[in-house]
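The following exchange introduces a structure to a reader who has not met it before. Please keep the sequence and the structure in view while reading.

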Amino acid sequence: MERKGEIAGILVEFLEVAITSVVYLKGIYPSGAFERRRYMNVVVQRARHPQLREYIHSAVSGLLPSIQKGLVERVAVTFFNTDNIPMERFIFKLTVNQSFGSKVEESDLEFSLRSFLIKLSVSQPLTTVLPRDCRWEIMAYFRSLPQVSTSKDAEMWIPTDTKQWQQPPLITPIKSMNSEPLGLQLYLEHPSPSELVSG
């Protein structure tokens with residue numbers, strides 16, 4: 001398999017596990033909606049409900065062709081209040097070096113990604129307590145949009161009508177790595193205090 005394909009495949013699989021971990025961490029669903037699994041030699045949570053598992057899987061795996069082409073800049077898990085205003089975002093910022101020529105050791109890449117899952121599992125104190133009736137979605141931010149005529153995968157993603165914050169968000173870093181050919185940052189975004197007052 002080609003190098004970019006391998007890296008993108010590992011990254012997509014990682015994002016699926018990490019996003020499930022974020023949803024579990026936020027406590028939106030009862031803990032019984034998840035089951036413990038091992039991934040990259042770390043205990044993680046897996047959604048038990050088929051629709052929840054399928055939503056996360058299809059959203060992330062639908063990004064694979066765009067990640068392979070270097071089009072995806074960020075993947076976000078966004079939590080909204082009842083007024084449909086974002087209250088918190090977990091951002092995975094991706095950089096895949098398209099021209100990296102050396103062989104990538106899968107074990108090195110997995111070691112780096114494993115540290116994200118460990119850090120994520122203890123990051124709850126950094127997060128916001130959300131209202132009981134909040135909702136969430138997975139969003140992707142593209143460097144440039146894939147051509148709809150050339151990619152049926154592009155049709156899966158629709159432009160969002162999500163309300164945006166008027167002020168720059170407060171950013172809380174969680175974990176960062178830059179290990180050729182993959183760079184990955186995980187951070188939280190919260191609305192600025194003035195946003196909460198004016199909203």
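The questions below concern a predicted model and turn first to its sheet, then to its helices.

Q: In what order do the strands of the open sheet of five strands stand?
A: Strands of a sheet pair through backbone hydrogen bonds, either parallel or antiparallel. In this open sheet the pairing is antiparallel. The five strands follow the order β5-β3-β4-β7-β6.

Q: Which strands stand at the edges of the sheet, each with a single partner strand?
A: A strand with a single partner has one side left without a neighbour in the sheet, so it stands at an edge. From one strand to the next, the twist averages 15 degrees. The edge strands are β5 (135–142) and β6 (170–179).

Q: Which residue of β7 is the bridge partner of F90?
A: Strand β4 covers residues 86–96, and β7 covers residues 182–190. The two pair in the antiparallel sense over eight bridges. In β7, the partner of F90 is L188.

Q: At about what angle to β6 does helix α4 run?
A: Helix α4 comprises residues 106–121 and lies across β4, β6 and β7. Relative to β6, its direction is at about 160 degrees.

Q: Within what arc do the buried residues of α2 fall, seen down its axis?
A: Helix α2 spans residues 50–61, and its residues L52, I56, A59 and V60 are buried. They line one face of the helix, because seen down the axis they share a limited arc. On the other side, P50 and Q51 are exposed. The buried residues fall within an arc of 95 degrees.

Key. Residues numbered from 1 in each chain as written. Predicted model: local features only at pLDDT ≥ 70, side-chain atom pairs only at ≥ 80, totals over all residues. Heavy atoms only, no water. Pairing = 2+ DSSP bridges. Helix = DSSP H or I, 4+ residues; strand = E, 2+ residues; numbered from the N terminus. Axes fitted to C-alpha atoms, helices over the stretch in contact; angles between N-to-C directions. Contact = heavy atoms within 4.5 Å. Expected span 1.5 Å × (residues − 1). Buried < 20%, exposed > 50% of the residue type's maximum accessible area, 1.4 Å probe, protein only. Arc of directions from axis to C-beta.
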